[in-house]
Amino acid sequence: MDERTRMACRSLVDVLADAARVETLRFFRQPGLRADNKDASGFDPVTEGDRAAEEAMRALIETRRPNDGILGEEFSPKPSSSGLTWVLDPIDGTRGYVSGTPTWGTLIALHDGTEPVLGVIDQPYIGERFIGGFGEAEMKGPQGKRDLAVSGVTKLEDAVIFTTFPEVGTPDEQGAFHSVASQCKLTRYGMDCYAYALLAAGQVDLVIEAGLQAYDIQAPIAVVEAAGGIVTNWDGGPVDQGGQAIAAATPELHAAALALLGAAK
């Protein structure tokens, strides 16, 4: 990717996040917010905010980068003729969104056909934006702007670990997660994409999840790796297409967690 393209995409990602903020905040904590269920066997909500935010971002991409592809959670994919694809999750953590908690976020990633090269985790209500890629790792928010850097924790007994759901995924995946969590200093739940932002900021040390889609993990990959962390699947391979994910602050912590996950399979 040439420098001109990088600059154009870096500029656009803030525009996309700003546009999504307007739409998600328009519905957040408002009376009568409607949530449709996408899962007949459970509860997987989608709201007016999800659809409006993705539509706003798609319209901007179509105008500014018409040859780029788009992969979003709520609408059909658009193939790329440029080799670049924007990967959008307008509200990651819709269950939190409909509950009024400020831990959901908008995820935006740029994939170059091999890996995510740019990512944003944006929390509109708090006003925090975490950006990683093209040699940049920074956050902007109410406390100002600062560089992102993961913690230096190398031992499980010193680590703070997060996952979104206590059951994690299948019973086997739940057991594997708890084989790691039982060795950690502190286990917390329910942050969705915000947990990855906290890892990139050096506040937590491990995030382990299962059952992810590409749009759930590509922005976190870019942000965490730009901040010096590691994100793989549970076998240590690429996870940009989703599945089981582990994000760690250090190689030592990553290796220790992977060993326990593998032993529990």
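How many bridges join strand 5 to strand 6, and do these strands run parallel or antiparallel? Six bridges join them, and the strands run antiparallel. The close-ups below start from that pair.

This is a predicted model, so local features need pLDDT of at least 70 and side-chain atom pairs count only at pLDDT 80 or more, while totals for chains, interfaces and linings use all residues. Residues are numbered from 1 along each chain as its sequence is written, and side-chain values use heavy atoms, with hydrogens and water left out.

**View 1. Strand 6 pairs with strand 5 and with strand 7.** Strands here are DSSP E runs of at least two residues, helices are H or I runs of at least four, and both are numbered from the N terminus. Two strands pair if DSSP finds at least two bridges between them. Look for strand 5 at residues 105-111 and strand 6 at residues 116-123. Leu 110 has Leu 118 in strand 6 as its bridge partner. The two strands form a hairpin with four residues between them, and Gly 113 in that turn has a positive phi of about 95°. On to the next pair: strand 6 and strand 7 are antiparallel over six bridges, with Gln 123 opposite Glu 128 in strand 7. They too form a hairpin with four residues between them, where Gly 127 in the turn has a positive phi of about 85°. As for cover, eight of the eight residues of strand 6 are buried (buried is under 20% relative accessible area, exposed over 50%, partly exposed in between, with a 1.4 Å probe and protein chains only).

**View 2. Arg 129 sits in strand 7 and is in contact with two Asp side chains.** Strand 7 covers residues 128-133, and Arg 129 is buried there at a relative accessible area of 5%. Its side chain makes polar contacts with the side chains of Asp 18, at 2.8 Å, and Asp 122, at 2.7 Å. A polar contact is a pair of N or O atoms within 3.5 Å; within protein, one must be able to donate a hydrogen and the other to accept it, and residues adjacent in sequence count only if both atoms are side-chain atoms. Leaving aside residues up to four places away in sequence, Arg 129 also touches others, among them Asp 14, Arg 21 and Glu 138 (contact means heavy atoms within 4.5 Å).

**View 3. Asp 68 is buried in a loop.** The loop runs between helix 2 (48-64) and strand 3 (69-72), and Asp 68 has 1% relative accessibility. Its side chain makes polar contacts with the side chains of Arg 65 (2.8 Å) and Ser 82 (2.6 Å).

**View 4. Helix 4 packs on an open sheet of five strands.** The strand order is 11-10-12-14-13, with mixed pairing. Strand 11 (186-189) and strand 13 (230-232) are the edges, each pairing on one side only. Helix 4 touches strand 10, strand 11, strand 12 and strand 14, and its direction makes about 165° with that of strand 10 (axes are lines fitted to C-alpha atoms, for helices over the stretch in contact, and angles run from 0 to 180 degrees between N-to-C directions). In helix 4, Glu 173, Ala 176, Phe 177, Val 180 and Ala 181 are buried. The face turned away from that buried side carries the exposed Pro 171 and Asp 172.
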